[in-house]
Amino acid sequence: MRIFTVGPVEMYESTLKVRSQQLPYFRTTFFSDVMNENVRLLKKTLYTADSSKVAIITGSGSAAMEAVVTDSFDENDNLLVINGGSFGARFSKLCDIHQIPHDDLKLNYDEQLTRAHLESMRGNYSALLVNIHETSTGQLYDIHMLSEYCAQHQMKLVVDAISSFLCDELKMDEFGVDCVIISSQKALALAPGLSMVIMNDNFYQEKVKDKPIKNLYLNLNEHFKNLERGQTPNTPAVGVCYELLDMLKQVDQVGVEKIIQERARRATYFRSLIKPLSLTTPSFKLSNALTPIVFKDGGAIKVYDYLKDTYDIYVTPSGGDLRDKIIRVGHMGNMHDEYYDDLIKKIQEVS
Ligand SMILES: *Cc1c(COP(=O)(O)O)cnc(C)c1O
């Protein structure tokens, strides 16, 4: 089996080794040290101050999205949601469910987000929610454009970087990002099970601290308080916490910049391979995390099925209207150029 999917992704040998160990009991100072180190390295990797708050939640990425939306905002806010695909739609739906006033900036497929889109929104907004890489389309939004817009309008900036972290540059404090959401099974290349919230102290003080409790499991104040001493309110995905430490240590050793460079090189390499074929990529700016391949005249499902049924190879199919038009090929995790050479050869066998 080979997966070119966007999560889970191909894991590294060292992660698989960590995964095979017996899990220890976790209400110990030993485990607290593991979590403290995770917190320290997460802050370092995201280039944020030591005063920033971290929550490590057991749950997939959507759990962290829900925690941030419910615990930071209420009926007195008015949010601007960049809704350019299914993950943007998820932010919007969370606001609906929790009755938080919001406007959606909707994008059609193949429409690049511009400053003019932002200027056309007329509300008086307190914050902007964005999936900086909208994984469902492959579009990477311009973080500097968004951050500048937010600064000019005194808005907080919440960035879901679940599929962008470690693939595209994200320096939290320097880029003016107030809150970042990530999760284990995408660019971190770990098992699913953990999602993380990192927010600066200013955002915490203004938006989260001392707010009425709205939920038990996702209560960010409880998570922050517990993690100050290296613990979580409930039983965490203990094994994934160990995988996380193993990965963050390696990222720290190699350097975030180098890792992002390598992912960029890999994405560029794959895109160079599809150029000679009669396939295209979208015109908007792409993340280094994945490449969408556009089949103008359809046929994407046939390729997906052929690779799956003939070779046990999985690319990422698309949903809805795009189902027969686009497959997405991931560059996260333990990938090699030969995998892409081989994939292109096999895609060409179809039709
Ligand atoms: C995968 C992903 C999520 C979270 O999805 P889960 O299935 O809940 O892990 C959220 N946002 C983006 C941009 C994603 O790629």
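Two strands count as paired if DSSP finds at least two bridges between them. Helices (H or I, at least four residues) and strands (E, at least two) are DSSP runs, numbered from the N terminus. With that in hand, select Pro317: its bridge partner in S14 is Ile327.

Before going on, a word on what is loaded. This is a predicted model, where local features need pLDDT of at least 70 and side-chain atom pairs count only at pLDDT 80 or more, while totals for chains, interfaces and linings use all residues. Residues are numbered from 1 along each chain as its sequence is written, and side-chain values use heavy atoms, with hydrogens and water left out.

**Stop 1: the small sheet**

Stay with Pro317 and show residues 316-317 and 326-330, which are S13 and S14. The two strands run antiparallel and are joined by 2 bridges. Now add 290-294, which is S11. You have an open sheet of 3 strands in the order S11-S14-S13, paired antiparallel. S11 and S13 are the edge strands with a single partner strand each, so one side of each has no neighbour in the sheet.

**Stop 2: strand S9**

Next, select residues 179-183. Is S9 enclosed or open to the outside? Here 5 of the 5 residues are buried (under 20% relative accessible area, against over 50% for exposed and partly exposed in between; 1.4 Å probe, protein chains only). S9 is therefore largely enclosed by the rest of the structure. Colour the two faces separately: Cys179, Ile181 and Ser183 are on one side, Val180 and Ile182 on the other, and both faces are covered.

Now bring in the partners. S8 (residues 156-160) pairs with S9 in the parallel sense over 3 bridges; click on Val159 and look across to Val180, its bridge partner in S9. S10 (residues 194-199) pairs with S9 in the antiparallel sense over 5 bridges. For a spot to zoom in on there, take Ile182, which stands opposite Met196 in S10.

**Stop 3: Asn131**

Jump to Asn131, in strand S5 (residues 127-131). This residue is buried, with a relative accessible area of 1%. What surrounds Asn131? Leaving aside neighbours within four places in sequence, its contacts (heavy atoms within 4.5 Å) are Met65, Ile82, Phe87, Gly88, Phe91, Tyr141 and Asp160. For a sense of scale, draw a distance from the C-alpha of Asn131 to that of Glu338: 207 residues apart along the chain, the two atoms are separated by 30 Å.

**Stop 4: Ser32**

Go to helix H2 (residues 29-45) and pick Ser32. Ser32 is buried too, at a relative accessible area of 9%. Beyond its neighbours within four places in sequence, Ser32 touches Arg229, Gly230 and Gln231.

**Last stop: zoom out**

Show the whole chain as a cartoon: 12 helices and 14 strands. Its radius of gyration (over C-alpha atoms) is 20 Å, close to the 20 Å from the globule rule (2.2 Å times the number of residues to the power 0.38) for 351 residues, so the chain is as compact as a globular protein of that length. The C-alpha trace spans about 60 × 55 × 30 Å along its principal axes. Colour by burial and 58% of the 351 residues come up as buried. Of the contacts between residues at least 6 apart in sequence, 71% join residues at least 24 apart.
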